Amino acid sequence: AVEREARAKCQALKDAAVAALREKVRLHEMEEDHQANLEEATRALADAKRGLESIAANKDKMLAELAEAQRRLAAASAAQDEKKLELANMEETLAAENKKLEEQQARVQEQVRKRRAEEDALKA
């Protein structure tokens, strides 16, 4: 009976040792899986970081291009305003010259009318 009890204890110890080894193997496999997941997550994070850096660089480039386009638009607008002012001045000058020509034409017509009247008076 003592021998059987000793064998049972020995078997229990063996079973416990096997169970402990199996648990150790399971924990080791879990640790390997965890390490693989951690490495994959680290790579994904590095890829995401590179993507964000690329987006930031593109954003900076686009903002610079936008600022340049706004500068060009402002310059073009200023040039257009200058041309409008120049055109308005030219129109004003043209109107003044036109008025002078109309006045001169009226004087010439008046002179022609007077001469005709004088000629008609001489003929009569």
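Is glutamate 97 buried, partly exposed or exposed? In this predicted model, glutamate 97 counts as partly exposed, at 40% relative accessibility. This residue also has a charged partner to meet. The side chains of glutamate 97 and lysine 100 come together in a salt bridge, with a distance of 3.8 Å from N to O. Both residues belong to helix 1, where three residues, about one turn of the helix, lie between one position and the other. A general point helps in reading such pairs: side chains of opposite charge can pair when their charged atoms come close.

The pair just described belongs to a wider set, for the structure holds eight salt bridges. Another of them is found towards the start of the numbering, where glutamate 5 pairs with lysine 9. Here the closest N and O atoms are 3.9 Å apart, which is within the 4 Å allowed for a salt bridge. Glutamate 5 and lysine 9 are both part of helix 1, which covers residues 2–123. They are four residues apart, about one turn of the helix. How accessible are the two partners, glutamate 5 and lysine 9? Glutamate 5 has a relative accessibility of 48% and counts as partly exposed. Lysine 9 has a relative accessible area of 53% and is exposed. The labels differ because exposed means over 50% relative accessible area: the value for glutamate 5 is 48%, and that for lysine 9 is 53%.

A further salt bridge joins arginine 72 to glutamate 68, with 3.1 Å from N to O. These two residues are also in helix 1, and because they are four residues apart, about one helical turn separates them. Arginine 72 counts as exposed at 57% relative accessibility, while glutamate 68, with a relative accessible area of 29%, is partly exposed. Which residues are linked with Arg72 in a network of salt bridges? The network contains Glu68 and Arg71 along with Arg72.

Helix 1 can also be followed through a residue without a charged side chain in this account. Valine 18 is found in helix 1, and at 35% relative accessibility this valine counts as partly exposed. A distance along the chain gives a sense of scale: valine 18 and alanine 106 are 88 residues apart, and their C-alpha atoms are separated by 128 Å.

Methods:
Residues are numbered from 1 along each chain as its sequence is written. This is a predicted model: local features need pLDDT of at least 70, side-chain atom pairs count only at pLDDT 80 or more; totals for chains, interfaces and linings use all residues. Side-chain values use heavy atoms; hydrogens and water are left out. Buried means under 20% relative accessible area, exposed over 50%, partly exposed in between (1.4 Å probe, protein chains only).
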